[in-house]
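Colleague: Please take a close look at how charged side chains pair up here. Describe each pairing in its setting, with enough about the chains to place it.

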Amino acid sequence: VLGRYTHVYGLRLAVLAAALGLWQGLSAAGVIRSDEFPSMSQTAAALWGQASGSSLWGAVGETLEGWALGLLIGVAAALLIGTLIGMNGFAYRSVIGVIEFFKAIPVIAILPIGLVLWGATLTMKFALVAFAVFWPLVIQVCYGVRSLDPVAADTTTVLQVRGARKFLTVILPSAAPFIATGLRVAVAVALIVDIIAELIGGGTGVGERILVAENAGPSAYPVMYAYIVVAGILGVLLAGAFTVAERYALHWHESQRSAKTEGQNRDYPEREGLTLVVQLSPGGTTPGRAGSHARLAIRRPVPPLVVLVGRLEEPVLPAAVVDPEVAMDPVGDRPGSRRALLVP
Amino acid sequence: VTGPARAELSSSLEHLLAGYAIASVVGIGIGALLWSLRYLRDATSPYLYFLYVLPAPVLVPAALTLFGIGFTMKVVLIAFAALWPTLLNTLDGMRGVDQVKLDTSRVLGVSPLGSVFRVVLPAAAPQIVAGLRNSLQVAIILMVVSEWEASTDGIGYYIVNAQQSFDYVGMWSGIIVLAIIGTVANLLFVIAENRVLHWHYGARAAEGTR
């Protein structure tokens, strides 16, 4: 295994070196004019210059601030409202059409409204991010809550698990993979919207630096490209961090377990239902309600973090491109759609 | 909607269609190529991923300096941004093809190219379509962003122009038109998807009622 991986890493480094070399070579040979597209060394120097001062880190911090605040608000609202809607069939059928419509609106269309309301401020940035994150995620949460395996639902009813306990032990674990898919998309969308809000709306951050550098003319182009590279790195880091977190939180789920058995025939996450381990207390001597001693638990051994990061290599790519809309159908209204949920 | 607004709309849609068409064809093509060349895939996958997560709007200023204001800049931008979801989903869908099916087609004497069209493409189709749908959304966003930043026509230009001249009625109508474009495009896509993939959903439904 190690041999194959070092081999692949070598190959990748070679590709990177070749691409950077080609860039530098084309600039040096004059194929690319330096006043249009700066050379690799110029860009790298600009990146280094920005990184050694406080300029880069300030911009990154401002971007992350808008990203985190917006994500937090959007996710919290979507979780709360999505759960409430998902648990009530009537509410779900009533509002799902409206939500679908709002989801189809390109966020960019809301930007002018944000600008008019708040101007180029942090509020504008995180309000837009929260808006963009909310609609797709709330749908995911609804689907997740509604996707509860009938057997698990019946089991909970029979065992008289209800209220907060039902939510925490049955509904949330069952909806978790859906929520995770929604979150994965939300993390990426939030960054894009945040940067658009800076680039066009003028809120401070990485996007705004790109715009300023562009307007400053050809001498500042290396700085512009440096910030473009920073935006990409930021995207990779945030998506990577989320994948690690997801792997850690959902290690027990099929999609994560099958992603590890990597091979030619990699299995896609199949939702044959969660592995509900129902443990009945031995003997059942205590009088009381039926099933008051039942413990519903979903248990899998937790791998150490190091192992998780090591396994990140291959599955990162597919995991990030699963489309939530095709992978998931609205559940419950059509009989029979429940079984083949996550099979793309 | 009066005459000028309609002209803005048609030029926007022109950019969108051209960019999206290029992205779809190139995305599926390169995806298939990378699927067949394993070494190339292994070597380039982190960089493809980097380009996929790179927020595409940051490329607008760069494209502006390279291509200037105009048709080329917008189409290139839209095509570039919309390329990655399709490409990566194609690649991933093809990697998920059942090896048994490939072996079967080889045993039955189907040529390698023939098996790509008869076995791999249909098997990967649902995921390719998922990628195409993602690409469409990205393409719409880029259409607006590119017109917004630097343009003399298009619906994005219309909105930003109205906003800057405090014509809020114009701004809102532009926004509503944009929302309608997004909804209609999505609807058309779903209809097309149901037609093209109806065998797939049929099979899935049949499997579900077992």
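Modeller: Burial comes up throughout, and the classes are these: buried is under 20% relative accessible area, exposed is over 50%, and partly exposed is in between, with a 1.4 Å probe and protein chains only. The model is a predicted one, in which local features need pLDDT of at least 70 and side-chain atom pairs count only at pLDDT 80 or more, while totals for chains, interfaces and linings use all residues. Residues are numbered from 1 along each chain as written, chains are lettered from A and ligands numbered from 1 in written order, and side-chain values rest on heavy atoms without hydrogens or water.

Chain B has 210 residues, and 52% of them are buried. In chain A, the buried share is 47% of 344 residues. Helices and strands are DSSP runs numbered from the N terminus (helices H or I, at least four residues; strands E, at least two). By that count chain A has 14 helices and two strands, whereas chain B has nine helices and zero strands. The order along the sequence of chain B is accordingly α-α-α-α-α-α-α-α-α. Along the principal axes, the C-alpha atoms of chain B take up a box of roughly 70 × 40 × 25 Å.

Contacts (heavy atoms within 4.5 Å) show how far along the sequence each chain reaches. Taking contacts between residues at least 6 apart in sequence, 74% of those in chain B join residues at least 24 apart. For chain A, with that minimum of 6 likewise applied, 72% of contacts join residues at least 24 apart.

Now to the pairs. Side chains of opposite charge can pair when their charged atoms come close. The whole structure, over all chains, has four salt bridges, a salt bridge being a side-chain nitrogen of Lys or Arg within 4 Å of a carboxyl oxygen of Asp or Glu.

In chain A, A:Lys125 pairs with A:Glu198, with 3.0 Å between the closest N and O atoms. Because A:Lys125 sits in helix α6 of chain A and A:Glu198 in helix α8 of chain A, the pair ties together parts that are 73 residues apart in sequence. A:Lys125 is buried at 2% relative accessibility, and its partner A:Glu198 is buried at 0%.

Helix α6 of chain A covers residues 122–146 and also contains A:Pro136. With 28% relative accessibility, A:Pro136 is partly exposed. Its C-alpha atom is 9.1 Å from that of A:Phe102, a residue 34 positions away along the chain. Helix α8 of chain A spans 163–199, and α7 spans 150–158; the loop between α7 and α8 holds A:Gln160. Though not a glycine, A:Gln160 has a positive phi of about 55°. A:Gln160 is partly exposed, its relative accessibility being 32%.

Chain A also contains the bridge between A:Glu208 and A:Arg209, whose closest N and O atoms are 3.6 Å apart. A:Glu208 has a relative accessible area of 19% and is therefore classed as buried. The pair does not stand alone: A:Glu62, A:Glu208 and A:Arg209 are linked in a network of salt bridges.

In chain B, the side chains of B:Glu193 and B:Arg133 form a salt bridge with an N to O distance of 2.8 Å. B:Glu193 belongs to helix α8 of chain B and B:Arg133 to helix α6 (residues 112–149) of chain B, so this bridge ties together parts that are 60 residues apart in sequence. Both ends are covered: B:Glu193 is buried at 6% relative accessibility, and B:Arg133 is buried at 7%. Helix α8 of chain B runs over residues 168–196 and includes B:Val184. B:Val184, at 41% relative accessibility, is partly exposed.

As for the surface, areas come from the Shrake-Rupley method with a 1.4 Å probe, where only the protein chains shown count as cover for residues. The accessible surface of chain A is about 15800 Å², and carbon and sulfur atoms account for 68% of it. Chain B exposes about 9500 Å², with 70% supplied by carbon and sulfur atoms.
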